[in-house]
Amino acid sequence: MWIATWYLSLVLFSCPNCLYLCIGRATAQSNNITTTTITTTTTIPNTTTVATATTTAILHPVITISKPQNLSVVNVTSRSITITWLAPSDGIAAVMNYSLYYTNGNSTYIKPLANINTFTIPNLEPFTEYQIYLEAKGEKNRVSERSNMITQFTDVEGPGPPIIMNATCIPGTSGTSIFLQWASPEHFYKSVDQYIIHITEPNFVKNITVLSPKVGLNLNYNEYTVNNLTDNTMYELRIFGATHSYLSTNLIEGQGSDSRSVYLHKDCDIIPSLKNNHSTIESTKSLLIGLCCVFGLLFIVAAVLFWQCHPVCRVYFHAAYYYLEDPPFVSYTVPTLPNSDWWKHKEESHVVTVDDFARHVASLHVDGDIGFSKEYEIIQEESMNFDFSTEASQLPENKSKNRYLNIVPYDHSRVKLHVNSMQGSHSDYINANYINGFEKANAYIGTQGPLPSTIIDFWQMIWEQHVHVIVMITNLVERGRRKCDLYWPNEVIETYGFIQVKLLKEELMAMYTVRTFQVQHIRAKKKKNSPLGRTIYQYHYTNWPDHGTPDHPLPILSFVNKSAGANPPEAGPIVVHCSAGVGRTGTYIVLDTMLKQIKSEKEVNIFDFLKHIRQQRNFLVQTEEQYIFIHDALLEAINCMHASINKKTLKSYLQTDISDCKIASFATDFEKHYKMITSFIPQEYLLLSANKPFNRNKNRSQEFIPVENSRVHLTPKPGVEGSDYINASWIIGFRRLGEFIVTQHPLQNTILDFWQMLWDHNAQTVVILTDMSEDSDSLVTFWPVDSTTTLDSDNFKVKSIQEDKIGNDYETRDLVIQSVQDDFMLPVRLIHSKYSVRELSSLIKLLEIVQMWHLEYQNGPIIVVDKFGGTDAAIFCCLTTIGKQLQHENLADITLYAKLYHNQRPGIWKDIENYLLLYRALELMSGGNCFNVLPSSSITSINNVANGSQNSPTLPNGNALSPNKQNGMLIS
């Protein structure tokens with residue numbers, strides 16, 4: 001025993017900290033501090049005695065402060081929000097300072113505050129929603145929970161200045177009236193509700209209030225006649241726009257226009273006196289004579305100087321400003337690979353005919369896509385064994401020009417720049433490679449997204465390679481990471497080195513944006529009968545995820561068709577870039593090339609082509625998922641072409657009165673096409689939310705329910721199962737991904753959910769296509785019937801403002817959703833049609849009415865309601881979308897949008913007759929020229945191509961491709 005005591009003393013003596021920790025343990029327990037005990041067991045040699053040493057570590061606990069209380073708004077202006085709050089329940093002494101968070105869209109701002117209880121947030125945007133909350137901070141970095149979050153809109157600001165277009169004395173009024181015409185302000189918030197005409201003359205000042213024009217009139221120009229004025233008087237006029245406050249009843253006046261003076265006299269309609277004319281003529285003569293003398297003198301001086309300096313000056317003048325001849329088609333001789341004509345070297349195991357392609361893809365998909373995995377693994381292994389040099393990319397002056405260290409161009413296929421005399425231009429290097437296409441060497445240039453240091457090089461390459469089309473398949477920032485730098489001008493002209501770029505036009509579509517640039521070399525030599533610059537189109541796909549693939553192949557097929565088809569036959573390569581210039585870039589190139597091979601050879605050879613182009617730029621088609629997507633997309637294109645509508649049959653249908661048309665007679669011709677449109681059948685997991693027991697009673701019919709990837713989400717209520725569910729689906733439009741929400745007529749138990757959906761998604765236009773007399777018990781009135789009643793929710797209440805009619809066919813109801821927590825209000829208009837969508841002339845009129853109203857509210861979607869959220873709503877959305885496409889592109893791709901709509905809300909095309917109603921409506925909308933605006937691929941059978949049909953597809957600009965250079969797609 002004494003030996004054990006001696007040994008334990010030795011341990012404690014050799015480790016003093018152990019003694020301190022043992023003593024500290026008792027202290028820690030008395031102070032209620034969390035401790036961690038570590039026990040060390042030691043066996044004393046040659047004995048059975050065990051000595052145990054216990055080490056206790058003291059851990060400081062994480063103690064949080066309770067959250068700040070009663071956060072609320074006390075004052076709001078257009079540029080500021082004043083908030084107040086109470087200290088946490090722990091007391092003000094527990095707080096050292098606060099952190100204020102306020103969010104606008106995707107931007108979050110953090111403001112450190114002292115230990116105060118009120119603060120005014122400055123420098124905010126007018127008419128903008130902000131979400132605000134606080135955190136308290138105490139000693140030793142203790143942090144509280146978040147306070148309650150409040151949502152607040154800032155007020156509007158007054159509109160910008162109107163522009164007076166015309167202010168004249170009106171003939172025949174004896175000089176007592178002025179006609180005024182002005183353009184609406186370019187900048188305003190919410191709306192311009194009134195105009196104030198400010199009239200000044202020496203004896204009085206007068207203000208006249210004019211209401212803004214109503215829907216249906218020209219919203220860009222306004223007119224007013226000012227009467228009862230005095231003749232022989234000079235009047236000065238200014239016009240001010242005004243907007244009703246969003247938060248009060250005040251009228252907020254904006255900036256005034258430039259003043260315009262008008263002299264009224266009785267004879268204002270008579271030509272001015274000859275005396276005045278004579279004076280004007282004499283003045284003009286004197287001015288012209290003076291100008292002629294000046295120009296003549298300058299010409300003589302210039303001629304003398306040029307004659308004296310001719311031998312030397314002319315040479316240097318020419319060298320300084322016209323040193324550059326128009327570059328040749330390719331800046332240097334590009335080495336071609338042995339198999340650049342890869343399509344002629346067919347390995348039978350990898351060439352698949354169009355007819356067999358569906359079976360081939362199905363076989364690769366079996367057993368969890370094992371066939372794709374094996375093929376892609378072979379391609380990856382062969383690529384790793386390539387021994388191509390990349391020496392240029394590793395030079396010290398070039399390393400910083402690579403966005404990613406491992407994505408560098410092969411030397412044998414890289415694009416070389418001309419080394420010019422510009423300061424800093426010492427290298428011919430750019431991270432870009434030539435890539436072959438179908439029956440065309442160097443059809444593409446694959447490159448990375450430009451860096452700030454390579455933007456000048458990028459535009460130099462565009463100019464030297466005679467590029468007319470740039471395909472961009474990345475966003476500038478994705479998932480918070482910079483993927484590409486802005487390399488084009490947003491508004492003004494920008495000069496990059498010697499290349500001047502001007503943005504002519506920017507057109508935003510739901511999936512992509514098209515920008516048109518005018519590009520010229522500021523030192524290029526001008527040739528006779530040829531323009532100095534060049535028009536370049538940038539096709540920017542904005543909905544393709546990094547390393548991933550699009551949700552559905554149809555939009556990307558349409559994008560490939562339009563972008564590749566815009567490249568003229570005599571143009572240089574199409575420049576394709578994403579971020580690294582390999583994954584999405586390679587996918588685009590393979591898709592476009594394979595579609596050309598399908599059209600020309602009726603066969604597909606993805607495997608060999610990808611192996612071939614990976615010898616020109618590494619890592620093309622970067623993931624197995626992208627490799628699978630290429631196959632699925634090409635299969636979709638082939639299926640669409642096989643199931644194209646027979647033109648003769650469709651023409652017969654359109655020429656037959658619908659009341660006499662027996663759709664059964666057309667079933668054989670259209671059945672295949674209709675089945676292709678409606679082929680998607682959702683798996684059970686895609687209908688998970690709609691089929692949950694607590695949500696099933698919210699569905700009017702199980703035939704029309706939302707799929708997970710397109711269903712509309714509500715703000716969930718804590719502890720309430722299914723509170724985020726409503727039977728509603730997002731539907732794509734021409735300009736926006738979420739342009740529409742299609743939903744069923746609300747049930748009694750989903751009325752508040754319906755209004756919650758409008759509130760959550762800032763929707764201000766509701767189109768009701770329900771015939772409520774059909775089933776008055778089930779089809780309930782879901783809005784307040786008069787101004788004395790409200791619909792009340794926990795967060796808002798719905799009030800009726802007024803009812804109106806547009807003719808005898810359409811009813812409108814204006815309502816407001818008002819927050820119960822603050823003064824925020826959301827105005828909403830319901831537009832109710834009395835006619836069925838099958839009354840096409842009335843339906844087309846309804847489309848116009850809705851669009852005219854919705855122009856004022858571009859933030860939220862249009863809510864479209866029919867009984868089940870089905871066919872009628874889908875017809876409305878589809879016709880709205882193709883109407884915009886028709887106006888913008890003179891094209892109406894019904895096949896594309898009908899198939900996408902079915903995928904977003906399966907079952908909406910209940911039968912062939914409802915689907916073909918779209919074509920009958922298009923016939924009306926196009927003025928009887930339906931076949932002139934349909935994509936050629938959607939009405940031309942594949943058999944026609946196989947039989948050598950010489951019908952050339954039409955490009956977006958209206959030019960037909962020659963039969964041997966058909967760059968069109970299988971589906972437009």
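Serine 833 contacts Ile768, Asp809, Tyr810 and Leu846, leaving aside its neighbours within four places in sequence. Contact means heavy atoms within 4.5 Å. The residue is found in strand β37 (residues 825-833). Helices (H or I, at least four residues) and strands (E, at least two) are DSSP runs, numbered from the N terminus. Serine 833 has a relative accessible area of 7% and is therefore buried. Buried means under 20% relative accessible area, exposed over 50%, and partly exposed in between (1.4 Å probe, protein chains only). A polar atom of the serine 833 side chain lies 3.2 Å from the backbone nitrogen of tyrosine 835.

The model is predicted: local features need pLDDT of at least 70, side-chain atom pairs count only at pLDDT 80 or more, and totals for chains, interfaces and linings use all residues. Residues are numbered from 1 along each chain as its sequence is written, and side-chain values use heavy atoms, with hydrogens and water left out.

The protein chain has 972 residues, and buried residues make up 49% of them. It holds 21 helices and 38 strands. Of the contacts with a separation of 6 or more, 66% join residues 24 or more positions apart.

Phenylalanine 607 gives an example of a contact across such a separation. This residue is found in helix α9 (residues 606-613). Its C-alpha atom is separated by 7.5 Å from that of glutamate 375, and the two residues are 232 residues apart along the chain. Beyond its neighbours within four places in sequence, phenylalanine 607 is in contact with His350, Glu375, Ile378, Ile379 and Tyr627. Phenylalanine 607 counts as buried because its relative accessible area is 5%.

Nonpolar side chains were then grouped into cores. In soluble globular proteins, nonpolar side chains tend to be buried together. A nonpolar core is a set of buried Ala, Val, Leu, Ile, Met, Phe, Trp, Tyr and Cys residues joined through side-chain atoms within 4.5 Å. The largest such core has 110 residues. Leu634, Phe876, Tyr901 and Trp909 touch the most other members. Helix α10 (residues 624-642) supplies the largest share of this core, ten residues. Apart from this core lies another, of 50 residues. Its members include Tyr98, Leu100, Val712 and Phe796. Leucine 634 is in contact with Phe357, Leu591, Met594, Leu595, Ile598, Val604 and Ile606, with neighbours within four places in sequence set aside.

Helix α14 (residues 751-760) is mostly covered. Eight of its ten residues are buried. These are Ile751, Asp753, Phe754, Trp755, Gln756, Met757, Leu758 and Trp759. Just after α14, asparagine 762 takes a positive phi of about 55°.

Two open sheets were examined. Two strands pair if DSSP finds at least two bridges between them. One open sheet has three strands in the order β3-β4-β7, with antiparallel pairing. Its edge strands are β3 (69-76) and β7 (118-121), each pairing on one side only. The twist averages 25° from one strand to the next. Axes are lines fitted to C-alpha atoms, for helices over the stretch in contact, and angles run from 0 to 180 degrees between N-to-C directions. Five bridges link β3 to strand β4 (residues 81-86) in the antiparallel sense. Glutamine 69 has leucine 86 in β4 as its bridge partner.

Another open sheet has three strands in the order β10-β11-β14, and the pairing is antiparallel. Here the edge strands are β10 (163-169) and β14 (221-226), and each pairs on one side only. Neighbouring strands of this sheet are turned by 15° against each other on average, direction ignored. Strand β11 (residues 178-183) and β14 run antiparallel and are joined by six bridges. Isoleucine 178 has valine 226 in β14 as its bridge partner.

Cysteines were checked last. A disulfide is a pair of cysteine sulfur atoms within 2.5 Å. By this rule, the count comes to zero disulfides. Cysteine 578 is in no disulfide, and the nearest cysteine sulfur, that of cysteine 484, is 9.5 Å away. Cysteine 578 counts as buried, at 3% relative accessibility. Cysteine 877 is also in no disulfide. The cysteine sulfur nearest to that of cysteine 877 belongs to cysteine 878, 8.5 Å away. Cysteine 877 counts as buried, at 0% relative accessibility.

Terms used:
A polar contact is a pair of N or O atoms within 3.5 Å; within protein, one must be able to donate a hydrogen and the other to accept it, and residues adjacent in sequence count only if both atoms are side-chain atoms.
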